[in-house]
Amino acid sequence: MTAGDDIVAKETLAIRSDQDVVRVRQLVRTLAVSVKLSLVDQTKLVTAASELARNTLVYGGGGTVVAGRVDNGRRSGIRIVFSDHGPGIPDLDLALTDGYTTGGGLGLGLSGARRLVDEFDIDTAVGQGTTISVIKWCR
């Protein structure tokens with residue numbers, strides 16, 4: 001299975017500019033409303049998506065996002081897959097530590113995004129890029 005194969009009615013967007021990050025947020029908000037996520041869960045998912053889209057742009061040099069509805073037979077949700085062909089993350093444990101940053105920010109990007117979603121999976125290899133998949137399930 002490739003990234004996003006289980007996503008229903010998926011949409012793919014390129015992430016190449018700040019405007020693309022805005023488009024990712026808008027897409028995720030629309031999808032979250034369509035599966036009837038609560039307002040709190042919509043906000044959590046849009047915030048996580050915004051952080052991950054920004055990381056894809058800034059650290060991955062741009063990439064793509066695939067987003068859409070998923071259903072596991074018991075409930076529905078939104079799955080979002082961010083992919084880039086950037087430098088990869090040399091020390092994933094360190095990168096997922098609260099407060100760690102290479103960009104001068106608050107260091108809550110990856111760890112914060114992970115806390116905001118129900119499922120978080122990251123695959124990274126130095127020199128090959130990074131793919132992050134998140135899911136937020138309806139309650």
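This is a short tour of a predicted model, stop by stop, with something to select at each one.

**Stop 1: the sheet**

Start by colouring the strands. Five of them form an open sheet, in the order β1-β2-β3-β5-β4, and the pairing is antiparallel. Now pick out β1 (8-15) and β4, the edge strands, each of which pairs on one side only. Averaged over the sheet and ignoring direction, neighbouring strands are turned by 10 degrees against each other.

Zoom in on β1 together with strand β2 (residues 63-71): six bridges link this antiparallel pair. To find the register, select V8 and look across to R69 in β2, which stands opposite.

**Stop 2: the β4-β5 hairpin**

Move to the other edge and select residues 119-125 and 129-137. These are strands β4 and β5, an antiparallel pair with seven bridges. Which residue stands opposite D123 in β5? Select T131 and you have the partner. Then follow the chain through the turn: three residues lie between the strands of this hairpin, and G127 takes a positive phi near 85 degrees.

**Stop 3: helices across the sheet**

Show helix α1 (residues 18-34), which lies across β1, β2 and β3 (76-84) and runs at about 165 degrees to β1. Helix α4 (residues 109-116) lies across β4 and β5, and its angle to β4 is about 145 degrees.

**Stop 4: a closer look at α1**

Stay with α1 for a moment. Its 17 residues reach 25 Å from the first C-alpha to the last, close to the 24 Å expected at 1.5 Å a residue. Select D20, V21, V24, L27, V28, L31 and A32, which are buried in this helix. They sit on the same side of α1, because they cover an arc of only 130 degrees around the axis. What do the buried residues of α1 pack against? Turn on the surroundings and you will find β1, α2, β2 and β3. Past the helix comes K36, with a positive phi near 65 degrees.

**Stop 5: V46 in α2**

Next, select V46, which belongs to helix α2 (residues 39-58). Is V46 buried or exposed? Its relative accessibility is 9%, so it counts as buried, the cut-off being under 20%. Leaving aside residues up to four places away in sequence, V46 touches R25, V28 and R29. You can also draw a distance from V46 to L31: the two are 15 residues apart in sequence, and their C-alpha atoms are 9.9 Å apart.

**Stop 6: the cores**

In soluble globular proteins, nonpolar side chains tend to be buried together. Here, the largest nonpolar core has 32 residues; select I15, V24, L45, I80, F82, L110 and F120, the members that touch the most others. The elements giving two or more residues to this core are α1, α2, β2, β3, α4, β4 and β5. The biggest share comes from α2, with seven residues.

Centre the view on F82. Not counting residues up to four places away in sequence, its contacts include I15, V24, A49, L52 and A53, as well as T130, T131 and I132. T131 is already familiar as the residue opposite D123.

For the last selection, try I7, V66, V70 and I135: they are among the six residues of a second, separate core.

Notes
Residues numbered from 1 in each chain as written. Predicted model: local features only at pLDDT ≥ 70, side-chain atom pairs only at ≥ 80, totals over all residues. Heavy atoms only, no water. Pairing = 2+ DSSP bridges. Helix = DSSP H or I, 4+ residues; strand = E, 2+ residues; numbered from the N terminus. Buried < 20%, exposed > 50% of the residue type's maximum accessible area, 1.4 Å probe, protein only. Contact = heavy atoms within 4.5 Å. Axes fitted to C-alpha atoms, helices over the stretch in contact; angles between N-to-C directions. Core = buried A, V, L, I, M, F, W, Y, C linked by side-chain atoms within 4.5 Å. Expected span 1.5 Å × (residues − 1). Arc of directions from axis to C-beta.
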